[in-house]
Amino acid sequence: MSTAPRAFHIMAKPTGAVCNLACDYCFFLAKEQLYPGSKFRMGDEVLEAYIRQVLEAHQVPQVTIAWQGGEPTLMGLDFFRRAQEYIEKYRKPNTTVESTIQTNGVLLDDDWCEFLHENKFLVGISIDGPREMHDAYRHDRAGKPVFDRVMTGLRLLQKHKVEFNILATVHAANGDHGLEVYRFFRDEVGARYLQFIPIVERDNETGYQEGNSLTDRSVSPEQYGRFLISIFDEWVKRDVGEMFVQTFDGVLASYVRGRSTLCVFSPTCGEGAALEHNGDLYSCDHFVDPNHLLGNILETPLAELMGSEKQRKFGRDKQDTLPQYCRDCRWLFTCNCECPKNRVSQTPDGEPGLNHLCEGLKAFFEHTEQPMQLMAQLLQRGRAAPDIMQIMAEAEKQMEARFAKAGRNDPCPCGSGQKFKRCHGRAR
Ligand code: SF4
Ligand code: SF4
Ligand code: SF4
């Protein structure tokens with residue numbers, strides 16, 4: 001039996017896996033193998049069916065039409081103009097529709113940006129930090145670096161006042177430079193909304209989530225923890241309310257409402273699916289493979305596929321397959337063993353299915369517990385989260401005063417349990 005959800009999220013891939021770049025870590029390019037001989041262009045029949053079905057099925061007043069890739073701008077502007085016409089045709093009265101597009105930015109020009117501005121698109125732009133970090137794994141099909149081309153696209157978005165956010169992957173080459181990456185986006189790019197996505201890349205030819213060995217481009221758990229912590233420490237002291245880091249907001253939501261706003265930190269999956277160029281619907285963007293094919297929207301309504309037992313089981317599996325180690329973990333409420341695609345490690349007692357990022361996530365949750373609790377309390381009392389910055393500054397002043405009074409062999413005032421000389425006293 002199918003119970004259609006009231007709301008869901010579809011990432012549509014109008015060019016399938018086809019892209020004008022060939023980033024080393026791209027998990028999607030190998031998926032061309034799924035459709036041998038295809039031209040990888042979404043036809044009008046699928047386009048109209050997708051938009052009509054998404055708009056008809058939603059029982060909430062806000063709907064997102066999301067485009068992703070491969071590289072969706074390869075479809076050309078006329079495709080997206082038609083998409084907007086279909087949105088107007090099928091939009092229910094009193095429903096707001098927001099269009100989003102995830103792009104590498106290389107093809108953006110004035111015409112594109114005018115269109116994106118006029119139609120109030122939210123653009124996600126993929127850039128991994130300053131030049132050398134971005135170009136470490138991202139390049140075009142000829143192997144040439146693309147940093148300058150991405151920055152040109154980004155400046156055009158800004159010139160045309162298009163809303164954008166940054167999607168940066170965290171990998172072996174930028175994982176030790178969290179603060180530098182963050183400051184680059186804040187101070188040089190002028191971005192305010194940041195998403196950090198860890199690269200945990202299986203070492204296989206299929207691009208499917210198969211096998212447990214990872215490529216050396218993958219971020220290590222320790223790197224990922226340090227990356228997030230270094231950014232958090234700067235953000236919480238000076239940028240709360242000005243800069244929005246999706247991971248921090250997602251964790252804070254667990255403290256405030258008991259459930260994260262991000263799928264990766266939620267107890268179950270299943271509310272976001274991926275739509276291929278030919279109308280095939282898969283359980284999730286990260287599980288576009290034959291085992292996770294739900295059906296085709298030209299044959300079975302999208303809402304029915306989203307409510308199908310197969311998709312609901314996919315959603316429940318996240319919880320049902322948790323290792324005992326996670327069930328006993330004090331961070332389960334905010335972590336939920338993160339994304340199932342990253343569960344390639346073993347627990348200390350040998351149970352499979354632990355998240356590769358576990359150690360880094362734990363370090364991050366431990367480090368941020370106190371300020372997260374404080375922010376949650378402030379929000380629950382109706383105060384603004386930015387008040388945290390004043391509280392943190394005051395706490396830091398008090399801690400500095402205690403450091404100044406501590407003897408070398410005293411317990412460190414930070415509460416680590418170590419001697420001061422081996423902890424915060426080391427650099428003094
Ligand atoms: S830009 Fe995105 S879709 Fe294209 S190759 Fe790079 S990671 Fe893959
Ligand atoms: S598999 Fe990962 S990305 Fe997909 S819905 Fe689940 S948590 Fe989200
Ligand atoms: S922090 Fe580690 S042990 Fe705890 S829930 Fe997350 S992955 Fe599991």
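## K120 and its loop

K120 counts as exposed, because just 12 C-beta neighbours lie inside 10 Å and a residue with 12 or fewer falls in that class. In this predicted model, K120 sits in the loop between α3 (110-118) and β4 (122-126). Its backbone deserves a look too: phi of K120 is positive, about 55°, although the residue is not a glycine. Most residues other than glycine have a negative phi.

## Other backbone oddities

N336 also has a positive phi near 55° without being a glycine. This one belongs to the loop between α12 and β11. Is N336 buried or exposed? N336 is buried, because 26 other C-beta atoms lie within 10 Å and the class starts at 20.

Then there's a cis peptide bond, with omega of about 5°, joining G69 and G70. G70 is part of the loop between β2 and α2 (77-90). For background, most peptide bonds are trans.

## The sheet

Now for the big picture of the strands. An open sheet is built from 10 strands, and reading across gives β7-β6-β5-β4-β3-β2-β1-β8-β9-β10, with mixed pairing. The edges belong to β7 (244-245) and β10 (293-296); each has a single partner strand, so one side of each has no neighbour in the sheet. Helix α1 (residues 44-57) packs on this sheet and touches β1 (9-12), β2 (62-67) and β8 (272-275). The direction of α1 makes about 155° with that of β2.

Let's walk from β1 towards the β10 edge. β1 and β8 are parallel partners, paired over 4 bridges, and H9 stands opposite G272 in β8. Next, β8 and β9 run antiparallel and are joined by 2 bridges, with L275 having L281 of β9 as its bridge partner. These two strands make a hairpin with 4 residues between them, and G279 in the turn has a positive phi of about 100°. Finally, β9 (residues 280-282) pairs with β10 in the antiparallel sense over 3 bridges; there, Y282 has L293 of β10 as its bridge partner.

## S38 and N278

Which loop holds S38? S38 is in the loop between β1 and α1. The residue is partly exposed, because 14 other C-beta atoms lie within 10 Å, a count between the limits for exposed (12 or fewer) and buried (20 or more). Along the chain, S38 and N278 are 240 residues apart, while their C-alpha atoms are separated by 9.2 Å.

## Around the ligands

Start with ligand 1, which has 13 residues around it; C19, L21, C23, C26 and N104 come nearest. By class, this shell divides into 7 nonpolar, 4 polar and 2 charged residues.

Around ligand 2 are C263, V264, C269, G272, C284, H286, K318, C339, P340 and K341. That shell has 6 nonpolar, 2 polar and 2 charged residues. G272 ties this site to the sheet description: the residue lies in β8, opposite H9.

For ligand 3, the surrounding residues are Y325, C326, C329, W331, L332, C335, C337, N355, C358, L361 and K362. The elements giving two or more residues to this shell are α11 (324-327), α12 (332-335) and α13 (358-380). Which element gives the most to the shell around ligand 3? That would be α13, with 3 residues. Sorted by class, the shell comes out as 9 nonpolar, 1 polar and 1 charged.

## Helix α13

Besides lining ligand 3, α13 has a kink worth finding on screen. The helix bends by about 55° at E369, and a proline, P371, follows within four residues. After the helix comes G382, with a positive phi near 80°.

Which residues of α13 are buried? The list is C358, G360, L361, F364, F365, T368, P371, M372 and M375. C358 and L361 also appear in the shell around ligand 3, and P371 is the proline mentioned with the bend. Covering the buried residues of α13 are elements that include α7 (221-238), α8 (246-257), α12, β11 (345-346), β12 (352-354) and α14 (387-405). Two names in that cover, α12 and β11, are also the elements on either side of the loop that holds N336.

Note on methods. Residues are numbered from 1 along each chain as its sequence is written. Chains are lettered from A and ligands numbered from 1 in the order in which they are written. This is a predicted model: local features need pLDDT of at least 70, side-chain atom pairs count only at pLDDT 80 or more; totals for chains, interfaces and linings use all residues. Two strands pair if DSSP finds at least two bridges between them. Two residues are in contact if their C-beta atoms, placed from the backbone, lie within 7 Å. Axes are lines fitted to C-alpha atoms, for helices over the stretch in contact, and angles run from 0 to 180 degrees between N-to-C directions. A residue is near a molecule or strand if its C-beta atom, placed from the backbone, lies within 6 Å of it. Ala, Val, Leu, Ile, Met, Phe, Trp, Tyr, Cys and Pro count as nonpolar, Asp, Glu, Lys and Arg as charged, and the others, Gly among them, as polar. The bend at a residue is the angle between axes fitted to the seven residues ending there and the seven starting there.
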